[in-house]
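User: I want the reasoning behind the labels for this model. Take me through it step by step.

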Protein chains: 2
Amino acid sequence: MPEQAETLRRTPLSRDRVLRAAVALADEAGIESLSMRNLAQDLGVVPMALYKHVANKDELLAGMIDVVVGEIDPAVAGGDWKQAVRRRILSAREMLLRHPWAPLAIESRNTATPAILAYLDSMIGTFRAGGFSVDLAHHVMHAMGSRILGFSQELFDASRRAGRSGTPDPEPPAADFPPEVAAAFPHVAEIARAASHDDESVVGPGCDDQFEFEFALDLLLDGIERLQRQGWTSSHRSR
Amino acid sequence: MPEQAETLRRTPLSRDRVLRAAVALADEAGIESLSMRNLAQDLGVVPMALYKHVANKDELLAGMIDVVVGEIDPAVAGGDWKQAVRRRILSAREMLLRHPWAPLAIESRNTATPAILAYLDSMIGTFRAGGFSVDLAHHVMHAMGSRILGFSQELFDASRRAGRSGTPDPEPPAADFPPEVAAAFPHVAEIARAASHDDESVVGPGCDDQFEFEFALDLLLDGIERLQRQGWTSSHRSR
DNA sequence: CTCCTAGGTGTACGCCGTACACTCACGGTA
DNA sequence: TACCGTGAGTGTACGGCGTACACCTAGGAG
């Protein structure tokens, strides 16, 4: 029976293998290329085979999210809450840089996954251990919002988004608009000009993402620290 | 010729009518129901007719975004930058409450639309007029991120997202987990419990969205004000 | 040896966006 | 009046999507 090559189907499918292949596919080809059909092809299998391991595409997405959220460094107990939170969030951000599809995938879901809940829970635990009241911890979590998972929530700089891994950015990453655009939006243009000049130690022209992220993070953490030091309580619901 | 009813086709299509109908459809039925086919049916027209007025679905989305961003109150010149920014952002948030599909639509696009650029430009202008350096204005815009457009960027509270306009939330909006979930995520459960108790003046159980939004907004604005008062410059790139 | 079962297959359906060729009422010109 | 170009709306068709459902089949349990 020479059909051996057929019978030894490559290592049999499993939920884990499906999820890992899906993450790899989304990392390399972009989330828009992640279809059940493409994924099945990558795994050398017919599309419907996937449904023996995930209920549907939505559950596949949820599983992928749990995989990547699981990559975030675990919390370290003890020590300064501020440093602990800062380090953990920067670790989350590193994960997101490896999986640029994750923010959109997480935000388009309507329910949190178990891994996300676990992450949030341990983050709240860090605040509570740092002496935060339940209320203050609650509001602070809201204030950090999705930044707590490392999201940059840009919206502002339209350049960065385009860069997919494949080509090394064929367009120069912007920062120079066509002049009629610059005239229409003078303040945006002014900032873009300044940012493309003073690139001290910044790789290309444009914004230093890491700096911007930490700027915002520290702005929040410093504000939070001040509230906590002042013994904030919900009676402060001012204005 | 009694076919008059056919010849007087209802008010002829136009880009504006298409965009307004699309916004209305997304508002009422959710962004996931916005297909070219559904939209055409709402307009009493065949799907391909839409393509005489918008290039493709992506351009339709961009047009819809420009429509709703145009609903944000215009900037008022003069006066306190902090109040001006605060008011404008709260106006943006009101717009988003009318168009809950907008955040996802905006974030999933890879380029800013003209209306968004104009909004950002005038926001930067407010900071600059308030005495901010180009650099500080730049970083501050990054730090506000998509919150500047009124985004709440929740990720935390899984309850709110479900609520579509149609049914009046058949499920109680959560805040009470099944007990085994509460045991697995004790800190999350603690906050949910506290938030569902102390609803002073809050409508249902759960979080007071408006309060959480303003809490985060003021945390940022207060931090920004402090930086600006202290004469922040890029040499402060510390840590 | 038989039967059950779990994992992989094949076909099919109803959506989606949209390319492309068409009809046909209209306004301008000769 | 006759023509004709133009542009809005039509009809058909294609390839891709998620996935329901019936089927096959290899391997283990009795």
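Analyst: Start at the DNA. This is a predicted model. In it, a backbone N or O atom of Lys57(A) lies 2.9 Å from a phosphate oxygen of DNA strand D.

User: What makes that pair of Lys57(A) and DNA strand D a polar contact?

Analyst: The cut-off is a pair of N or O atoms within 3.5 Å. The Lys57(A) pair lies at 2.9 Å, so it counts as a polar contact.

User: Which atoms of Leu13(B) and His53(B) lie by a phosphate oxygen of DNA strand D?

Analyst: For Leu13(B), a backbone N or O atom, 3.2 Å away. For His53(B), a polar side-chain atom, 2.9 Å away.

User: How many residues surround DNA strand D, and which are the closest?

Analyst: 16 residues surround the strand. The closest are Arg37(A), Tyr51(A) and Lys57(A), with Met48(B) and Lys52(B). Sugar and phosphate make up 42% of the strand D atoms that come within 4 Å of the protein. By class, the surface near the strand has nine nonpolar, three polar and four charged residues.

User: Now chain B. Why is H5(B) called roughly antiparallel to H7(B)?

Analyst: Helix H5 (residues 81-98) and helix H7 (residues 114-129) of chain B pack at about 160°. Angles over 145 degrees count as roughly antiparallel, so H5(B) is roughly antiparallel to H7(B). Their axes are 9 Å apart.

User: Which residues meet there, between H5(B) and H7(B)?

Analyst: Trp81(B), Val85(B) and Ile89(B) are among them in H5(B). H7(B) brings residues including Tyr119(B), Met123(B) and Phe127(B). The contact divides into eight nonpolar, two polar and one charged.

Notes
Residues are numbered from 1 along each chain as its sequence is written. Chains are lettered from A and ligands numbered from 1 in the order in which they are written. This is a predicted model: local features need pLDDT of at least 70, side-chain atom pairs count only at pLDDT 80 or more; totals for chains, interfaces and linings use all residues. Side-chain values use heavy atoms; hydrogens and water are left out. Axes are lines fitted to C-alpha atoms, for helices over the stretch in contact, and angles run from 0 to 180 degrees between N-to-C directions. Helices (H or I, at least four residues) and strands (E, at least two) are DSSP runs, numbered from the N terminus. Angles under 35 degrees count as roughly parallel, over 145 as roughly antiparallel, 65 to 115 as roughly perpendicular and the rest as oblique. Contact means heavy atoms within 4.5 Å. Ala, Val, Leu, Ile, Met, Phe, Trp, Tyr, Cys and Pro count as nonpolar, Asp, Glu, Lys and Arg as charged, and the others, Gly among them, as polar. A residue is near a molecule or strand if one of its heavy atoms lies within 4 Å of it. A polar contact is a pair of N or O atoms within 3.5 Å; within protein, one must be able to donate a hydrogen and the other to accept it, and residues adjacent in sequence count only if both atoms are side-chain atoms.
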